[in-house]
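Here is a short tour of one protein model and the ligand it holds. Have the viewer open and follow along as the report moves from the ligand to the annotated sites and then to one helix.

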Amino acid sequence: MPQKIAAGNWKMNGTQASLSEIQAIAEAAQESPCSTILCPPAHLLHRAAKLAGPLAIGGQNCHHAPSGAFTGDISAAQLADCGASYVILGHSERREGYGESDSLVRAKAQAALQSGLTPIICLGESQEQRAAGQALEVVLAQLSGSLPDDAQVIIAYEPIWAIGTGLVPTVAEITEVHDALRAQLHAIFGAAGQEISILYGGSVKPSNAQEIFAITHVNGALVGGASLKAEDFLPIMRSLAES
Ligand SMILES: O=C(CO)COP(=O)(O)O
């Protein structure tokens with residue numbers, strides 16, 4: 001069975017004042033039967049990791065090279081050096097905002113694995129692609145192009161149009177994509193593909209978490225806005241534990 005995972009992506013939000021939220025989430029993670037991962041901005045990683053206990057910490061991006069002249073970037077080994085054990089890769093905000101391709105995401109995933117980090121690989125279609133009936137095709141192509149050689153990964157399906165908008169796909173739409181992802185992971189990795197957690201992301205809130213976690217092959221969530229405050233994220237963690 002894949003692990004159930006509640007993961008938070010803080011994006012470019014949070015300062016030292018937010019460490020109290022991380023502390024509260026870490027305390028709740030101690031009680032949770034599920035895995036909890038928080039991906040704060042890079043400047044908080046080290047302090048977050050010190051607070052974390054059973055809460056795992058992740059970065060939000062890494063470079064594909066181990067080191068070198070890449071001003072402003074951070075390597076997978078440097079994330080690990082801060083205490084991170086995961087890294088989000090291929091988020092649509094990077095694919096779209098910085099032109100990251102599937103092959104670059106794959107190279108980053110390989111680099112992450114080499115440094116002992118588990119990549120959380122994000123996939124998702126745009127509104128136009130869904131309207132054109134291309135959602136499955138787009139997401140499956142991103143999966144094949146972005147996966148590293150090893151099955152030690154987490155997948156997050158995040159439809160671009162659902163991120164930060166309050167729009168959530170229907171249960172049938174999420175089911176269709178997660179079923180297809182599960183089948184493709186099985187086809188690629190065999191039995192190991194059945195163990196890969198597939199998260200849903202995009203406007204997950206305390207109010208809709210229960211319905212989303214009841215969907216087959218939804219093994220948890222990658223949460224943006226509702227992970228910034230413990231009072232929002234804790235009910236999502238509880239819904240996952242009860243699912
Ligand atoms: O992008 C996301 C997580 O990576 C989702 O963000 P929201 O939960 O704010 O929609």
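Around the ligand sit 14 residues, of which Asn 9, Ile 163, Gly 201, Gly 224 and Gly 225 come nearest; a residue counts as near if its C-beta atom, placed from the backbone, lies within 6 Å of the molecule. This shell divides into five nonpolar, eight polar and one charged residue. In that division, Ala, Val, Leu, Ile, Met, Phe, Trp, Tyr, Cys and Pro are nonpolar, Asp, Glu, Lys and Arg are charged, and the others, Gly among them, are polar.

A word on the model: it is predicted, with local features needing pLDDT of at least 70 and side-chain atom pairs counting only at pLDDT 80 or more, while totals for chains, interfaces and linings use all residues. Residues are numbered from 1 along each chain as its sequence is written.

**The annotated sites**

An unreviewed UniProt entry gives His 91 and Glu 158 as "active site". Although they are spread over 68 residues of sequence, the largest C-alpha distance is 8.3 Å. The same kind of annotation, "binding site" from an unreviewed entry, covers Asn 9, Trp 10, Lys 11, Gly 164, Ser 203, Gly 224 and Gly 225. These cluster in space too, with a largest C-alpha distance of 14.0 Å across 217 residues of sequence. UniProt annotations may be inferred rather than shown by experiment.

The table gives the C-beta neighbours within 10 Å for four of these residues; 20 or more make a residue buried, 12 or fewer exposed, and anything in between partly exposed.

| Residue | C-beta neighbours within 10 Å |
|---|---|
| His 91 | 28, buried |
| Glu 158 | 26, buried |
| Ser 203 | 22, buried |
| Gly 224 | 21, buried |

His 91 is in the loop between β4 (86-89) and α4 (92-97), and Glu 158 lies in the loop between β6 (154-157) and α8 (171-189). Helices (H or I, at least four residues) and strands (E, at least two) are DSSP runs. Leaving aside neighbours within four places in sequence, Glu 158 is in contact (C-beta atoms within 7 Å) with residues including Ser 92, Cys 122 and Ile 163. On the same basis, Gly 224 contacts Asn 9, Lys 11, Ile 163 and Gly 164.

**Helix α7**

Ala 135, Val 139, Gln 142 and Ser 146 are buried in α7. Seen down the axis, the buried residues of α7 fall within an arc of 60°, so they line one face of the helix. They pack against α5 (102-114), β5 (118-123), α6 (127-131), β6 and α8.

Methods: Contact = placed C-beta atoms within 7 Å. Arc of directions from axis to C-beta.
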